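Here are some short exercises to work through with the model open beside you. Try each task before you read its solution.

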Amino acid sequence: MKFIIAVIKPFKLDEVREALGAIGVAGMTVTEVKGFGRQKGQTEIYRGAEYSTNMLPKVKLEIAASDDIAAQVVETIKDTASTDAIGDGKIFVIDLADATRIRTGETGDTAL
């Protein structure tokens, strides 16, 4: 099993969620986060004053996937979340040792 963490632009969330649903992803956790990477923030104008923000709003997706579809999940996120602009985000893949469904006690891939 793999644990996939993706940090993407917020306006891409619905498109990515629909694309993941189409390939069989049954669930995910979504968190609103702030951060920066190579773009180093941005300059904004608020009430006529210009200021610089170094933390940009992003959305973090956390998905537990079986080894069978993990590569497809990563590819789907990459293709769907891309705007070909700086700040599109990152995808991290971590080995997942185990998972347990609390309601039934199922473990491993069947818990997903």
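Two residues touch, or are in contact, when heavy atoms of theirs lie within 4.5 Å. Keep in mind that this is a predicted model.

**Exercise 1. Find the partners of Ile-23 that are not its neighbours in sequence.**

Step 1: Locate the residue. Ile-23 sits in the loop between H1 and S2.

Step 2: Set aside residues up to four places away in sequence; Ile-23 then touches Gln-72, Val-73 and Thr-76.

Step 3: Check a C-alpha distance. Ile-23 and Ile-69 are 46 residues apart along the chain, yet their C-alpha atoms are separated by 8.5 Å.

Step 4: Classify its exposure. Buried would require under 20% relative accessible area. Ile-23 has 22%, so it counts as partly exposed.

**Exercise 2. Work out which residues of helix H1 are buried and how they are arranged.**

Step 1: Within H1, which spans residues 13–22, the buried residues are Leu-13, Val-16 and Leu-20.

Step 2: Look down the axis of H1. These buried residues fall within an arc of 70°, so they line one face of the helix. As a reminder, an α-helix has 3.6 residues a turn, so residues three or four places apart point the same way.

Step 3: Turn to the face of H1 that points away from the buried side, where you will find the exposed residues Glu-18 and Ala-22.

Step 4: Ask what covers the buried residues of H1. The cover includes strands S1 (2–8), S2 (29–35) and S5 (56–65), along with helix H2 (67–81).

Step 5: Go just past the helix. H1 is followed by Gly-24, which has a positive phi, near 105°.

**Exercise 3. Describe how H1 packs against H2.**

Step 1: Give the geometry. The two helices, H1 and H2, pack at an angle of about 145°, and their axes are 9 Å apart. The crossing of H1 past H2 is right-handed.

Step 2: List the contact residues. H1 supplies Glu-15, Val-16, Ala-19 and Leu-20, while H2 supplies Val-73, Thr-76, Ile-77, Thr-80 and Ala-81.

Step 3: Sort them by class: the contact of H1 with H2 has 6 nonpolar, 2 polar and 1 charged residues.

**Exercise 4. Place Ile-77 in the largest nonpolar core.**

Step 1: This core has 15 residues, and Ile-77 is listed with Ile-8 and Val-73 as having the most contacts inside it.

Step 2: Name the contributors. S1, H1, S5 and H2 are the elements giving two or more residues to the core.

Step 3: Leave aside neighbours within four places in sequence. The contacts of Ile-77 are then Ile-4, Ala-6, Ile-8, Val-16, Leu-20, Ile-63, Ser-82 and Ile-91.

Technical notes: Residues are numbered from 1 along each chain as its sequence is written. This is a predicted model: local features need pLDDT of at least 70, side-chain atom pairs count only at pLDDT 80 or more; totals for chains, interfaces and linings use all residues. Side-chain values use heavy atoms; hydrogens and water are left out. Buried means under 20% relative accessible area, exposed over 50%, partly exposed in between (1.4 Å probe, protein chains only). Helices (H or I, at least four residues) and strands (E, at least two) are DSSP runs, numbered from the N terminus. The arc is that of the directions from the helix axis to the C-beta atoms. Axes are lines fitted to C-alpha atoms, for helices over the stretch in contact, and angles run from 0 to 180 degrees between N-to-C directions. A crossing is left-handed if the near helix is turned anticlockwise from the far one by less than a right angle, and right-handed if clockwise. Ala, Val, Leu, Ile, Met, Phe, Trp, Tyr, Cys and Pro count as nonpolar, Asp, Glu, Lys and Arg as charged, and the others, Gly among them, as polar. A nonpolar core is a set of buried Ala, Val, Leu, Ile, Met, Phe, Trp, Tyr and Cys residues joined through side-chain atoms within 4.5 Å.
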